[in-house]
Amino acid sequence: MFTQQLINGLTLGGVYALIALGYTMVYGILELINFAHGEIYMLGAYLGIIFLGFFTAIGLTSYSLPLALILTFVLSVIFCSAYGFTIERIAYRPLRNAPRLSPLISAIGVSIFLQNYVMLTQGATDKIFPNLFEKAGMEFIGARVTYTQIFIMAASAVLMLSLNLFITKTRMGKAMRAVAQDKVMASLVGININTVISATFIIGSGLAAVAGLMVAAYYGLVNYSIGYIAGIKAFTAAVLGGIGSIPGAMFGGILLGLIESFSAAYISSEYKDAYAFIILIIILFIKPSGLFGKTQEEKV
Amino acid sequence: MKKAPIHRFADSPIHRFTHSPIFIALWLALLFLPFKGLEAAGVLFIVLFAAVSLLRVFKNYAGKIKGLLSSLKKFISGRIRIKLPESKTRSIALTLLMSVVVMALPFYGHDYLIDIAVLSGIYIILAQGLNIVVGFTGLLNLGFVAFYAIGAYSYALLNTKLGIGFWASLPLSVMLVTLSGFILAIPALRLKGDYLAIVTLGFGEIVRLVLNNWDSFTKGPNGIGGIEPPHIFGMQISRLGQFYYFIIIFVLLAVFIIRRVAASRIGRAWIAIREDEIASSSIGINTTAYKLYSFAFGAFWAGLAGVLFAAKMQFVSPESFTFMESVLILCMVILGGLGSIPGVILGAIILVMLPEMLREVQLYRMLALGSGLVMLMIFRPQGLMGGKGVSFRS
């Protein structure tokens, strides 16, 4: 039971962490709660189903399953990155210098739009993700681990590590950190702020798309409303770890996944969705800037 | 002198191509392609292309059009002198006319219209409550619907479980809600800006989940039915027309009290906190205490609206208290204009009426709401009757 919950929690946590990274990166740079981020994750899940359905229809799946899967994966990620980029261009960039509340409301508007757009075009009922891997898995110290779970854990670990490398080692990563620290100074040393912000949205949305695809394959069901609750939880994870901090988001996501799966197993599963918020309120009460967050001195 | 690099970039052919209407339309159509299929994407492309091109043309001539309009205005006002009555008499006449229209509504309106008007009234009270927190004090509350839910459920439970009537439960329920406002405010007010927003959002979700899952107490998703409507002097207020006047009394009460409080020392302290927290604390305002009042006072009105909602519907269920409802109330405040009492009334009425008027195209109204919010923020962030001097920094 314990190992089983641990594995379930890690799987869930990996997904939350991937979404939380998008939140935390955008927040770090724009100080904006990107409400539409959860919808990108939902779009990723839907795109997976749509592309896989398309490849099945043209016979690619039966010709070569791995090729179809890789193509689905790549296309979904590209499309979601494009969504992220476009949303920023249309809904956030004109509000760059507006009061703090404006982009937040704009983000809520985008979120409502995307949710209803998907509901209109894909229907309000659950969509089924084709069960490709059966429920194959293996035994692991008295717990059952499916290959999907292993894949999710491995993929999220690899993605998180490479993101960390990207942020710390590459030129663009350095530029991102500079912009997050001080936009004006960064632009004075020749960093193109708009490019950096676009890149942030593209990377964050790509990660969310991966999370969406993996969740669709894991649960097998997708609904137009999954983005909202996953988004809120991922944001909770980001806040848990201290928003704006990338390791914090990874840690917060995994912690949240573990908390959820253990409390659902040992306390009550009815309130599964509420634990995240209760933990959040408690942690923020004790440490208002999150676990890894730095308390910022306010400048007058 | 050397040209700044940004200009060179803006002149480049790539930049010109990516900003051409055809590219924008193609890009957006491509994004929608997987969800709608080729045919719809083609239609979308044509529509978008036309729209973007038109916008471009309009933008190019915007200056000229503006100049033309202003010269026209000058021309007209120079030639024709209409003697308008003084602004004070005019506003009194307007107020009188409006109050006659509002008060006589049940005599000429359909039941349907009255029903919507009653709902608008409830939302006006609710939105005024949120306006206190977001508009006056500048604290973003994304879980405001929780107070509304607590108000509605406490009346429903007091009435159906203990048989307590409307007038006895009203103060009890509202007190309970105000208390819960205090309780939430204590941990929440340690937080700033977005952290506060997310904690209030979490509070809203927790309340909804409890209502949804505590089957033995709240009957879970089935909701509670058979709630008694209020009585006045032994007369049951259950007909729509009666309820309409009943609600109007409460709306007037709410607007009157909130106006007075906003103009008082407390209200001015709230506005000072919104404009600059550090400055206001340095001139001796106890910011924590005033934020606490703001939270509790806002919750008070939400609780009242909740009780009225339960009494009107005679049925409550968790479905009425989702996050979308919080967003809707926030939209009313923002559409009307943060911190503007008449604006928020207008915002509430518009956002209750609009979905009803758009019933024909019901499926698309949420799309319209979403894109409308984005456009509102871009083109008129201060709302319809936006408060002047609202800066909203934290």
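Trainee: What sign of phi does G138(B) take, just after α7(B)?

Mentor: A positive one, about 75°. Helices here are DSSP runs of H or I with at least four residues, strands are runs of E with at least two, and both are numbered from the N terminus. This is a predicted model, in which local features need pLDDT of at least 70, side-chain atom pairs count only at pLDDT 80 or more, and totals for chains, interfaces and linings use all residues. Residues are numbered from 1 along each chain as its sequence is written, while chains are lettered from A and ligands numbered from 1 in the order in which they are written.

Trainee: How do you know that the span of α7(B) agrees with its 26 residues?

Mentor: The expected span is 1.5 Å times one less than the number of residues. For residues 111-136 that gives 38 Å, and the end C-alpha atoms are 36 Å apart, so the two agree.

Trainee: Where is the kink in α7(B) centred?

Mentor: On L130(B), with about 35°. The bend is the angle between axes fitted to the seven residues ending there and the seven starting there.

Trainee: What makes α7(B) largely enclosed?

Mentor: A residue is buried with 20 or more other C-beta atoms within 10 Å of its own, exposed with 12 or fewer, and partly exposed in between; C-beta atoms are placed from the backbone. In α7(B), 19 of the 26 residues are buried, so the rest of the structure largely encloses this helix.

Trainee: Why is N222(B) called exposed?

Mentor: Because N222(B) has 10 other C-beta atoms within 10 Å, it falls under "12 or fewer". N222(B) lies in the loop between α11 and β1 of chain B.
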